[in-house]
Amino acid sequence: MSPSRLRRAALPLTAAALLVPLATACSGGANDTTSASDGGGKRLRVVMAFPPAQAMSPYGDDAVTLSRLAVIEGLTSLDREGAAKPALAASWKRESPKAWTFTLREASFQDGTKVDPAAVVRSLNAAQKASPKPRVLSDTGITATALGAGTVRIVTTEADPLLPQRLANPSLTILSAAAYRDGAVNPAGHATGPFTLAAVKGAVSATLERNDHYWGGRAKAPGADVTFVADGTARANALRTGAVDVAEYVPISQASLLGDRLVHEFPSARTNGLSLNTEHGVFADPAMRAAAREAIDSKALVKAVYEGRADSAQGLIGPGVPWAADARLAPVDRARAAGKAQVAKTEQIVLATYTNRPELPEVATVVQQQLQKRGFTVKQVVRDYAQLEADALAGKYDAFIQARNTLLDTADPVSYLASDFTCDGSFNISQLCDKRVDTDVNKAAEVAGTEARHRAAMTAEADVLGTDALVPLLHERFVQGYDDSRVRGVSLDPMERTLITADTHVG
């Protein structure tokens, strides 16, 4: 066993300490026994990576947690291709570029009240008025009105061909009237999913009970006991020792130690990329950006850091987006790379990344070595993401390594391309401002047909790759943990919106 593997195998004191409350909260008593009052079946024991940060408000990242625990739903959901499919809305029709009608299915909230047009209008308009506003509404506004007979009209401030996909975002969940009290929104007992949020103990744990009146049929498990543990090694060890049935986001460093029976990996929509500052410093020169691109060995990164549990770079959009490979185009008008002697004459570059994703500092070290081999002089800056983001967006680093979800809030890569690579993009770390990129991203945003929109998105991808503003490093795979000999129905979702479903059960 290599020294690095030995270091990874050791359980830190902090992680070991976390296992004590984790095992206590998630095993023993009613948690792992059959409950006659619940109609039989074992309760699920689940450990999640991210504790609630906004008291389970649907307007922030907690909405994703609620979605992954099958508590909340919207008018639509997404299929494996990222296309909208029916959820609380049975069907929909586009009346004009800005107006749509949605016909509701017969369904009830967990508190027994009916899902009707008034409830949908209340929920969507409340999300529109929320402060801060959900990210999914950052580029358009919505106004919902009830038409009667189970129908709702939704009008957007801008023409939006993606409205059905947008409405699948967890922040646009539909809740009953009782969820809205005194300026706060409480989804506990007032959503529509197969599981009801029965209790939350701060950032420590949550209790779910089966919603016996779920429109999609009763869940197979009577409920779930959920613990929130940020330490990845602690989550992995809880799975190894049988303290939990499902462990979210097993670290790559622990995956090989757990074995294939407990570890289930699948392509994700995350691309790890090297953003190069196109406005200031060494990489303002396209030839230097091209030299950096040629220095990167993606396969070596996958082998050295991810132990083969990632996919080598294919473009901005990786294998977690199934249609991308067949639609991909070659990069356009790439600059000729500067030679090693020319590179060696440049000033020192600052390469930054963050500690929140444990593999990234290791990635940064390998990338530093690859760039130095090409002739660059490289200084690393590695900190918590919160300490880096403002400087990264202000263009204070020459290069920045990040893991980016390319499907963002609407399951559509055009949103990612617009935010990260256009002149007015809100997340443009590379400081790119290129007329052709802006033109083709804007064209893609206006396309309504799914296949045509995909083709337009890949045209814009080719434009961006041609600038070398971002060098794709690799495509992450998600690793979820559960014992496949006894746990069934866990969702392996590249868009990170589902995990526990009505079909998830032990037995």
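Helices and strands are DSSP runs, a strand having at least two residues, and they are numbered from the N terminus. The exercises below use these labels on a predicted model.

**Exercise 1. The second largest pocket**

Find which strand gives the most residues to the lining of the second largest pocket, and describe that lining by class.

Solution. Begin with the space itself, which for the second largest pocket comes to about 780 Å³. Around this pocket stand 32 lining residues, and those nearest its centre are Ser77, Leu78, Lys85, Thr498 and Thr501. Next, look for elements that give two or more residues to the lining, and two strands appear, S2 (76-78) and S3 (84-86). Of the elements, S2 gives the most, with 3 residues. Finally, sort the lining of this pocket by class, which yields 13 nonpolar, 10 polar and 9 charged residues.

**Exercise 2. Helix H6**

Decide how many residues of helix H6 are buried, and examine what lies at its start and after its end.

Solution. Helix H6 covers residues 232-240, and 8 of its 9 residues are buried, so that the helix is mostly covered. The buried residues of H6 are Gly232, Thr233, Ala234, Arg235, Ala236, Asn237, Ala238 and Leu239. At the start of H6, turn to aspartate 231, where a side-chain oxygen comes to within 3.0 Å of the backbone nitrogen of threonine 233. After the helix comes glycine 242, which has a positive phi, near 80 degrees.

**Exercise 3. The disulfide**

Locate the disulfide of this structure, and state for each of its two cysteines whether it is buried, partly exposed or exposed.

Solution. A search of the whole structure finds 1 disulfide. The cysteines it joins are cysteine 423 and cysteine 433, with an S to S distance of 2.0 Å. Both cysteine 423 and cysteine 433 sit in the loop between helix H14 (413-421) and helix H15 (435-446), 10 residues apart. The link of cysteine 423 and cysteine 433 is right-handed, with 95 degrees about the S-S bond. For the last step, exposed means over 50% relative accessible area, and buried means under 20%. Cysteine 423 has 31% relative accessibility and therefore counts as partly exposed, whereas cysteine 433 has 55% and therefore counts as exposed.

**Exercise 4. Histidine 264**

Establish whether histidine 264 is buried or exposed, and list the residues that it touches.

Solution. First place histidine 264 in its element, strand S14, which covers residues 263-276. The relative accessible area of histidine 264 is 12%, so this residue is buried. Leaving aside residues up to four places away in sequence, histidine 264 touches Phe478, Val479, Gln480, Tyr482, Asp484 and Leu492. With tyrosine 482 a polar pair can be named, since the backbone oxygen of tyrosine 482 lies 2.9 Å from a polar atom of the side chain of histidine 264.

**Exercise 5. Arginine 488**

Determine which residues arginine 488 touches, and how far its C-alpha lies from that of glycine 507.

Solution. Arginine 488 belongs to strand S20, residues 487-488. Because its relative accessible area is 34%, arginine 488 is partly exposed. Not counting residues up to four places away in sequence, arginine 488 touches Asp503, Thr504, His505 and Gly507. Between arginine 488 and glycine 507 the separation is 19 residues in sequence and 7.4 Å in space, C-alpha to C-alpha. As a last step, consider aspartate 484, whose backbone oxygen lies 2.8 Å from a polar atom of the side chain of arginine 488.

Terms used:
Residues numbered from 1 in each chain as written. Predicted model: local features only at pLDDT ≥ 70, side-chain atom pairs only at ≥ 80, totals over all residues. Heavy atoms only, no water. 1 Å grid on protein atoms, 1.4 Å probe; cavity = no way out; pocket = protein on both sides within 12 Å on 5 of 7 lines; lining within 4 Å. Points joined across faces, edges and corners; volume = space filled by probe spheres on them. Helix = DSSP H or I, 4+ residues; strand = E, 2+ residues; numbered from the N terminus. Nonpolar A, V, L, I, M, F, W, Y, C, P; charged D, E, K, R; others polar. Buried < 20%, exposed > 50% of the residue type's maximum accessible area, 1.4 Å probe, protein only. Polar contact = N/O pair within 3.5 Å; in protein donor to acceptor, adjacent residues only side chain to side chain. Contact = heavy atoms within 4.5 Å. Disulfide = S-S within 2.5 Å.
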